[in-house]
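Trainee: I've got a new structure open and I'd like to learn how to read it. Can we go through it together, one question at a time?

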Amino acid sequence: MKNYILMFLFLGTTGLIAQVESTSELYKQMEEIDRILFEVGFNQCNLNPTEEVLTDDFEFYHDLAGVQNKAEFLAAMKKNICGNPSVKITRQLVPGSLQVFPLSNNNQLYGTYVTGEHEFYRQEDGDVNVKTGYAKFTSYFELQNEKWMIKRTFSFDHQPASD
């Protein structure tokens, strides 16, 4: 009986924690940090702004490449994504896939759970930009000193491009 009560309480409260609207300020803040991480860092290879949105104890979990701390993650981006000037790897957020869920404690916002899907492209020596893959991601953002920081990221379900 006790388990049924706990399950009812859990199921009854999960509907109260919904994703925020894409027009909300919180969504726009998370969208901007996603842009800094991927458009500025990954696509343009400007890693300084990316480094500034990662916590000192940032951890990146990748289903194919394992676990990396902040220094390892940035070094891998520099070497693997930005290291070959004749090959350009880019990432595009799948439109409409970004979801933002606020995390609060006693009605005090402390973090967000952000999830989405993205596609990856490769362009060699100025040739056609070819879609190479797809993956899902989930990140935990933490509010630190009134600034949103990425603390944990999971990149998973990597698949080759289907079209």
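Trainee: Let's start with the basics: how many helices and how many strands are there in the protein chain?

Mentor: Keep in mind that this is a predicted model. Starting from the N terminus, the elements run α-α-α-β-β-α-β-β-β-β-β. Count them up and the protein chain has four helices and seven strands.

Trainee: Since it's predicted, over which residues is the pLDDT below 50?

Mentor: The protein chain averages a pLDDT of 90, and 89% of the residues score at least 70. One stretch, though, has zero contacts in the model beyond near neighbours in sequence. Where pLDDT is low, the predicted coordinates should not be read in detail. The stretch with pLDDT below 50 is residues 1–15.

Trainee: Okay, on to the inside. Which element gives the most residues to the largest nonpolar core?

Mentor: That core has 29 residues, and Met30, Ile33, Phe42, Phe73, Val100, Phe141 and Ile150 touch the most other members. The elements giving two or more residues to this core are α2, β1, α4, β3, β5, β6 and β7. The top contributor, with eight residues, is α2.

Trainee: You mentioned Phe73. Which residues does Phe73 touch, leaving out those up to four places away in sequence?

Mentor: Phe73 is among the core members that touch the most other members. Once you skip residues up to four places away in sequence, the list for Phe73 is Leu37, Leu54, Phe58, Phe60 and Gln68.

Trainee: I see lots of rings. How is the aromatic pair of Phe38 and Phe137 arranged: stacked, edge-to-face or tilted?

Mentor: A search of the whole structure finds seven aromatic pairs, so there's plenty to look at. For Phe38 and Phe137, the centres are 6.4 Å apart and the planes make an angle of 50 degrees. Stacked needs under 30 degrees and edge-to-face needs over 60, so what's left for this pair is tilted.

Trainee: How many residues apart in sequence are the parts that this pair ties together?

Mentor: Phe38 is buried at 13% relative accessible area, and Phe137 is buried at 4%. Phe38 sits in helix α2, while Phe137 sits in strand β6. So the pair ties together parts whose separation in sequence is 99 residues.

Trainee: And what lies over the face of Phe38?

Mentor: Phe38 has aromatic company, since Phe38, Phe42, Phe120 and Phe137 form one aromatic cluster. Over the face of Phe38, at 3.7 Å from the ring centre, you'll find Arg91.

Trainee: What about Tyr61 and Phe154: is that pair stacked or tilted?

Mentor: Tyr61 is in strand β1 and Phe154 in strand β7, so this pair ties together parts 93 residues apart in sequence. Tyr61 is partly exposed at 27%, and so is Phe154, at 38%. Their centres are 4.7 Å apart and the planes are 10 degrees apart. Under 30 degrees counts as stacked, so the pair is stacked.

Trainee: Now the cysteines. Is the disulfide of Cys45 and Cys82 left-handed or right-handed?

Mentor: The count for the structure comes to one disulfide, with the sulfur atoms of Cys45 and Cys82 2.1 Å apart. The pair links distant parts of the chain: Cys45 is in the loop between α2 and α3, Cys82 in the loop between α4 and β3, and they are 37 residues apart. The torsion about the S-S bond is about -95 degrees, so the disulfide is left-handed.

Trainee: Is Cys82 buried or partly exposed?

Mentor: Its partner, Cys45, is partly exposed at 30% relative accessibility. Cys82 comes in at 24%. Buried means under 20%, so Cys82 counts as partly exposed.

Trainee: Last one, on backbone angles. What is the phi of Asn107, about?

Mentor: Most residues other than glycine have a negative phi. Cys45 goes the other way, with a positive phi near 60 degrees. Asn107 is in the loop between β4 and β5 and is exposed at 79% relative accessibility. Asn107 is not a glycine either, yet its phi is positive, at about 65 degrees.

Conventions: Residues numbered from 1 in each chain as written. Predicted model: local features only at pLDDT ≥ 70, side-chain atom pairs only at ≥ 80, totals over all residues. Heavy atoms only, no water. Phe/Tyr/Trp six-rings, centres within 6.5 Å; stacked < 30°, edge-to-face > 60°. Buried < 20%, exposed > 50% of the residue type's maximum accessible area, 1.4 Å probe, protein only. Lys NZ or Arg CZ within 6 Å of the ring centre and 35° of its normal. Disulfide = S-S within 2.5 Å. Core = buried A, V, L, I, M, F, W, Y, C linked by side-chain atoms within 4.5 Å. Contact = heavy atoms within 4.5 Å. pLDDT = per-residue confidence, 0-100.
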